[in-house]
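Visitor: Please take one salt bridge and show it to me up close. After that, follow the chain outward to the sheets and to any enclosed space.

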Amino acid sequence: MTRIAAAILLAFSGAALAQTPATAPAPAPAATVITQDASALNAWLATDVERTMKLFDVPGIAIAIVKDGKVVATQGFGVRKLGAPDKVDAKTLFEVASNSKAFTAAALAMLVDEGKLAWDDPVTKHLPDFQMYDAYVTHEMTVRDLLTHRSGLGLGAGDLLWWPTTNFSTDEIIHKLRFIRPATSFRSSYAYDNLLYIVAGKIVAAKSGKTWGETVRERILAPVGMVSTTTSLAENAGNPDVANAHSKINDRIAAVKAMPVANAVGAVGINTNAEDIARWMNVLLAGGKVGTDANGKEIRLYSAKQAREMWTAQTPMRISEPDPKLAATRPNFLAYGLGFQLRDWQGRLVAMHSGALQGFYSKVVLVPEAKLGIAILTNAESGGALNALQYQLLDRMLNPAAATDWIGIVKAVEDENHAKELARIGKANAARAAKSQPSLARTAYDGEYQDPWYGIATIKHEGNRQILTMSRTPDLTGDLEHYQHDTFIVRWKERNFNADAYVTFALNPDGSIERMRMQPISTETDFSYDFQDLNFTPVKKAVP
């Protein structure tokens, strides 16, 4: 989404986090910030970013840093597209994916200020046809719940409805929610999702009378001065200063095609650059204040009350233990607000978010007490690069005396984890029953299979090849190869997906196929490939 890690319920409640001062991090002493010497800042920024690009195979990065309401840096590094000469600059557009969620939250906050809705309104008050799998959840789900990842859906549940690019409409995606089984009970635990932000975007459109994109453009981007930012890839047409997507193919970085997401804009629709996101961070740090008019009256996107609501802990998240080398990065509290993840860093509150689409990862990190904002935009899929720069730049700006080499440490941990995963997959391959045969003739597995929420997947022979195709996802098609027994592996045609999956068939007593299940091979596969949530059954052919 790096992708935002799945996290589970903490031992304390979000309400306690918000209301009990004793549990909040103690105020930190004022930090000496390296902003006085621009040449020194530019030197270490270039050193850190260029080293990160080299170590993590990232072709291009844009950085924005704001401090005390001023723009400290908006710079580009590297190239927009591997193999091409065009450089990334402060105006280069990047897809920022889930960093769009803050825009949806802000748009809803504005509607709350205007009395057009309330955070705790039932969703059905504004979208009467909205329906979840469980009738109780349908009735109780509020606008607040849409933004806080506590619906009971599993991690990334239903993301295959929009990822990779599908031909489902936004309304179809929202309709499909009623068929997705929950993984936990309602409001009992945190699990990151995208579909409910799509619903939230639909509410923005319904209450404003315009599309999500038009509303965000007119009511947020224009007042903030984000003149280059777009709400769809189609709007980027004709602009030469746009970063190209890059993915790893067989562990080598390569330029790939972009991933349009017109049906998921409420969750992932924004494309922006360093200059514009610096303006956005300053507005966020100012609690929604854009400026003042000629009479000295504040101009606001949303009220100070809504600003506090957005950065109030809503859903607690379990804190996992990091690798010992990264022990100092462990937060003391971790929660999700409205469009922002909340944690602490060196005694200070941090409001942040990550974003991920195919070929683009980004991160926005805000330290309200220090009036500091850092945005990192990349045209590659490296969570390590984002984390390394996040830690490095926070130390540079808040703790200049620190000598921790976060870039080197994060790279070492990432390499170790990747090697362990490759070894695990290799061990599994060595242990499989390689000489086993499928229970049925290969052609017997051909046919149409239907999942309750995704729809149809098709298996058919094309010459000597057996092809699996996900009907509503044009690029999600690949070759089936036998693995062991009645388990196959699908190798997707688009190799940059890095999402090959096991495909396993269960048989009825009479030898007919009862169902087909899927599971990603690698634990490094992006969670939005939620193959494990699919439950395909054969489509019965009509009797003539």
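Guide: Happily: in this predicted model, Lys-248 pairs with Asp-57 in a salt bridge whose closest N and O atoms are 3.7 Å apart. The term covers a side-chain nitrogen of Lys or Arg within 4 Å of a carboxyl oxygen of Asp or Glu. Asp-57 sits in the loop between helix H2 (38–56) and E1, while Lys-248 belongs to strand E4 (residues 245–249), so the pair ties together parts that are 191 residues apart in sequence. In total, the structure holds 33 salt bridges.

A word on the ground rules: residues are numbered from 1 along each chain as its sequence is written, and side-chain values use heavy atoms, with hydrogens and water left out. As the model is predicted, local features need pLDDT of at least 70 and side-chain atom pairs count only at pLDDT 80 or more, whereas totals for chains, interfaces and linings use all residues. Helices (H or I, at least four residues) and strands (E, at least two) are DSSP runs numbered from the N terminus, and two strands pair if DSSP finds at least two bridges between them.

Stay with Lys-248 for a moment: across the pairing it stands opposite Ile-253 in E5. E4 and strand E5 (252–256) run antiparallel, joined by five bridges. They form a hairpin with two residues between them. One to look at there is Asn-250, whose phi is near 55°, a positive value in a residue other than glycine.

Asp-57 lies in the loop leading to E1, and E1 takes us to an open sheet of eight strands, in the order E2-E1-E14-E13-E12-E11-E10-E9, with antiparallel pairing. Strand E2 (70–78) and strand E9 (315–316) are its edges; each has a single partner strand, so one side of each is left without a neighbour in the sheet. Helix H11 (residues 274–285) packs on this sheet, touching strand E1 (60–67), E2, strand E13 (360–367) and strand E14 (372–378). Contact here means heavy atoms within 4.5 Å. The direction of H11 makes about 35° with that of E1; axes are lines fitted to C-alpha atoms, for helices over the stretch in contact, with angles from 0 to 180 degrees between N-to-C directions. Elsewhere in the sheet, five bridges join strand E11 (residues 341–345) to strand E12 (residues 348–357), an antiparallel pair in which Asp-344 has Leu-349 of E12 as its bridge partner.

Now for the enclosed space. The lining of the largest cavity consists of Asn-99, Ala-102, Trp-280, Leu-284, Gly-339, Phe-340, His-353 and Val-364. The cavity holds about 50 Å³ of space. On a 1 Å grid over the protein atoms alone, a cavity is a set of points where a 1.4 Å probe fits but cannot get out, and lining residues have an atom within 4 Å of a point. Grid points are joined across faces, edges and corners, and the volume is the space filled by probe spheres set on the points. By class, the lining has five nonpolar, three polar and no charged residues, where Ala, Val, Leu, Ile, Met, Phe, Trp, Tyr, Cys and Pro count as nonpolar, Asp, Glu, Lys and Arg as charged, and the others, Gly among them, as polar.

Farther along the chain, another open sheet of eight strands has the order E21-E20-E19-E18-E17-E16-E15-E22, again with antiparallel pairing. Its edge strands, E21 and strand E22 (537–538), each pair on one side only. Four bridges link strand E19 (residues 487–492) and strand E20 (residues 501–507), with Val-490 partnered by Ala-501 and Phe-488 by Val-503. Seven bridges then join E20 to strand E21 (residues 513–520); here Tyr-502 stands opposite Gln-519 and Phe-505 opposite Met-516. E20 and E21 also form a hairpin, with five residues between them, and Gly-511 in the turn has a positive phi of about 90°.

Definitions and conventions: On a 1 Å grid over the protein atoms alone, a cavity is a set of points where a 1.4 Å probe fits but cannot get out, and a pocket is an open set with protein on both sides within 12 Å along at least five of seven lines; lining residues have an atom within 4 Å of a point.
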